[in-house]
Amino acid sequence: MQAAAPILSADAHQLRHGGWLVDARRRQRFTSALHNEGWPVPSLPTDLTLTDDELTLSRPTEGDVEGLVAVCQDQEIQRFTQVPSPYTAEDARGFVTLARDGLEEGSQAPLLVRDHDDRLLGSCGLVEIDWNDLGAEVGYWVAPWARGEGVATRAARMVCHWAFKEVGIERLDLEAAAINPASNAVARKLGFTLEGTRRRSAIEGATGEPGTERMDMHVWGLLPGELT
Ligand SMILES: CC(C)(COP(=O)(O)OP(=O)(O)OC[C@H]1O[C@@H](n2cnc3c(N)ncnc32)[C@H](O)[C@@H]1OP(=O)(O)O)[C@@H](O)C(=O)NCCC(=O)NCCS
């Protein structure tokens with residue numbers, strides 16, 4: 001099958017009309033099948049902003065590089081996510097580019113979480129979008145100084161709501177290491193169902209140095225209507 005090509009674009013107005021992408025997606029999927037083409041992938045707005053009373057989520061920009069470098073040195077973030085270790089300014093710039101390209105190509109939606117004073121608190125978004133099956137995976141990390149105050153739960157709730165209501169995603173996945181109680185607690189609080197455990201399926205940390213432990217990963221799933 002050919003690689004998927006971004007042939008649709010959607011602006012925030014279109015996204016606000018829930019289902020627009022899915023209707024377009026289904027139409028194009030049918031047309032693609034007829035012509036034996038790869039699945040078309042809608043793009044997402046690069047100016048996407050999600051907000052509630054306390055938090056604002058938007059994509060990272062060049063101005064976030066310094067803040068990202070400071071936060072991503074954290075051992076827990078390096079242990080339980082795929083951020084490189086050590087984390088450099090080049091890595092942060094790569095994340096800025098990846099986020100913009102990911103939105104434009106509709107392949108992912110990595111956003112940064114800030115408070116209303118514009119302080120960087122964390123990251124939360126869709127780390128992978130599967131347009132074939134209308135599924136996506138949610139991922140997050142929170143700066144050590146902002147943990148335990150509901151930031152991950154609030155941010156992920158906004159992302160899940162947006163994914164279901166505005167993008168038209170029909171299933172969300174979340175994977176958390178069994179030895180990561182905080183992340184599993186976030187999934188549970190959002191209404192995700194624990195569907196199983198992938199035994200020894202991930203290497204602790206992104207670099208996979210010799211001797212690094214393998215971790216059991218809890219697999220959580222959320223369907224529309226289950227978000228709490
Ligand atoms: C996981 C993480 C994102 C949570 O962020 P957060 O903003 O502190 O999360 P919240 O405050 O929304 O919720 C955390 C929940 O975990 C619970 N929790 C924290 N540590 C816990 C522990 N050791 N045992 C049990 N529950 C724990 C908290 O009590 C809270 O639940 P509550 O509100 O019912 O009390 C943050 O700890 C983090 O960034 N960790 C490192 C990176 C990471 O693990 N990312 C996730 C990869 S899947």
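This is a short tour of the ligand shell and then helix 5 in a predicted model.

**Stop one: the ligand.** Select the ligand and bring up the 22 residues around it. Arg-147, Ala-152, Thr-153, Pro-181 and Ala-185 come nearest, so to speak your inner ring. Now colour by element: helix 4 (75–80), strand 5 (135–142), helix 6 (151–167) and helix 7 (181–189) each give two or more residues to the shell. Which element has the largest share? Helix 7, with 6 residues. Switch to colouring by residue character and you'll get 12 nonpolar, 6 polar and 4 charged residues in the shell.

**Stop two: helix 5.** Jump to residues 89–105 and put a distance between the end C-alpha atoms: they are 24 Å apart. That agrees with expectation, because 17 residues at 1.5 Å a residue should span 24 Å.

Next, show the side chains of Ala-92, Phe-95, Ala-99, Gly-102 and Leu-103, the buried residues of helix 5. Look down the axis: these residues cover an arc of only 90°, which means they sit on the same side of the helix. The spacing makes sense, since an α-helix has 3.6 residues a turn and residues three or four places apart point the same way.

What lies over that buried side? Add helix 3 (65–71) and strand 3 (109–115), which are among the elements covering the buried residues. Then spin to the face turned away, where Ala-89, Glu-90, Gly-94, Thr-97 and Asp-101 are exposed.

**Last stop.** Step off the end of helix 5 onto Gly-106, which follows the helix and has a positive phi, near 70°.

Conventions:
Residues numbered from 1 in each chain as written. Predicted model: local features only at pLDDT ≥ 70, side-chain atom pairs only at ≥ 80, totals over all residues. Near = placed C-beta within 6 Å. Helix = DSSP H or I, 4+ residues; strand = E, 2+ residues; numbered from the N terminus. Nonpolar A, V, L, I, M, F, W, Y, C, P; charged D, E, K, R; others polar. Expected span 1.5 Å × (residues − 1). Buried ≥ 20, exposed ≤ 12 C-beta atoms within 10 Å, placed from the backbone. Arc of directions from axis to C-beta. Contact = placed C-beta atoms within 7 Å.
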